[in-house]
Amino acid sequence: MGGAFTAVADDSTATFWNPAGLATGAYFNATVEYGRSPDNDTDRRGFSLAFPALGVSYYRLPVSEIRAAATTTATSAGSRQDPGALDVRVVDLSQFGVTAGQSIGRHLVLGSTLKLVRAAGDSHAGLDVGAMAALGIVRLGVIVRNAREITLGAGDQAITLTRQVRLGAAVTTTARSGVGGLTVSVDADARQVPSVTGNERRIAAGAEVWTPRRTFGVRAGLSGSTLGEGRRALSAGASVALRTGIYADGQITGGSDVSRRGWGGALRLTF
């Protein structure tokens, strides 16, 4: 869905996308994920398990840093302004998280993911916090990722995970003739985010539709940066029910943003 998921996430992947989304999901949910980006020869792996108020997750993600090729100084992605030749280094980041949520009245949920992050031979504790409000068919979400900024490693190996704030809104219709439900969503970064191609502030829009018995669903989305070059990414995906409560998911992403191009798949259990 182009990353427009902050106000949609209600399965176990909410531990990453918006921890407040757990409270609106099924009683039990588990997901195993794998994705690959051929352009930069990196892959992403994840596992998450969740109940309505508690979740655990593990993700292994590539993090890029950029540095001058002629020096040993390294900084987090997108933060260096050196006009000389640049060398991009990709580092694997491991994240183990425990997520908890709490309902505030009938319409608002607050959630947080306490995480242990490891990269560049260093480990630190971090925190993501989120909120989700449901007003009829409308959902509003916000996540603050890396509420406490983390620097991993030292010297030319240092990587800084900066604070990110993302807002989202979604509308989901009820089932009607021939359609098992339609969701349309939008997301936007509230502040600049460093990336290997420079600072960006992304906005995304996506949609998802299911068959009446939710045996098959398709989705698509588009995202781009409002800073500098657009760096657009177009994605599409589908889900199929292998049997009751067991789904196979797949997605592919293309476009001019090489850092996001790739494909992924997942196996999801929901009861």
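Two strands count as paired if DSSP finds at least two bridges between them, and strands themselves are DSSP runs (E, at least two residues), numbered from the N terminus. The model looked at here is a predicted one, so local features need pLDDT of at least 70 and side-chain atom pairs count only at pLDDT 80 or more, while totals for chains, interfaces and linings use all residues. Residues are numbered from 1 along each chain as its sequence is written, and side-chain values use heavy atoms, with hydrogens and water left out.

Let's start with strand β12, residues 181-189. On one side it pairs with β11 in the antiparallel sense, over 7 bridges, and here Gly-168 stands opposite Asp-187. Strand β12 is also joined to β13 (residues 202-210) by 8 bridges, again antiparallel, and in that pairing Asp-187 sits opposite Ala-204. In a regular strand, side chains alternate between the two faces of the sheet. Strand β12 shows this nicely: Gly-181, Thr-183, Ser-185, Asp-187 and Asp-189 point to one face and are buried, whereas Leu-182, Val-184, Val-186 and Ala-188 point to the other and are not. Buried means under 20% relative accessible area, exposed over 50%, and partly exposed in between (1.4 Å probe, protein chains only).

Next door, Arg-166 belongs to β11, residues 164-172. With a relative accessible area of 13%, Arg-166 is buried. Its contacts (heavy atoms within 4.5 Å) include Gly-3, Asp-187, Asp-189 and Ala-204, leaving aside residues up to four places away in sequence.

Then there are the charged pairs. Side chains of opposite charge can pair when their charged atoms come close. A salt bridge here is a side-chain nitrogen of Lys or Arg within 4 Å of a carboxyl oxygen of Asp or Glu, and the whole structure holds 14 of them. One of these joins Lys-115 and Asp-128 at 2.8 Å, N to O. That pair links distant parts of the chain, with Lys-115 in β6 (residues 108-119) and Asp-128 in β7 (residues 122-135), 13 residues apart. Lys-115 counts as buried because its relative accessibility is 4%, and Asp-128 does too, at 0%.

Another salt bridge brings Glu-208 and Arg-219 together at 2.9 Å, N to O. Glu-208 lies in β13 and Arg-219 in β14, so the pair ties together parts 11 residues apart in sequence. Both Glu-208 and Arg-219 are buried. Finally, Glu-200, Arg-202, Arg-231, Asp-257 and Arg-260 are linked in a network of salt bridges.

Notes. Helix = DSSP H or I, 4+ residues; strand = E, 2+ residues; numbered from the N terminus.
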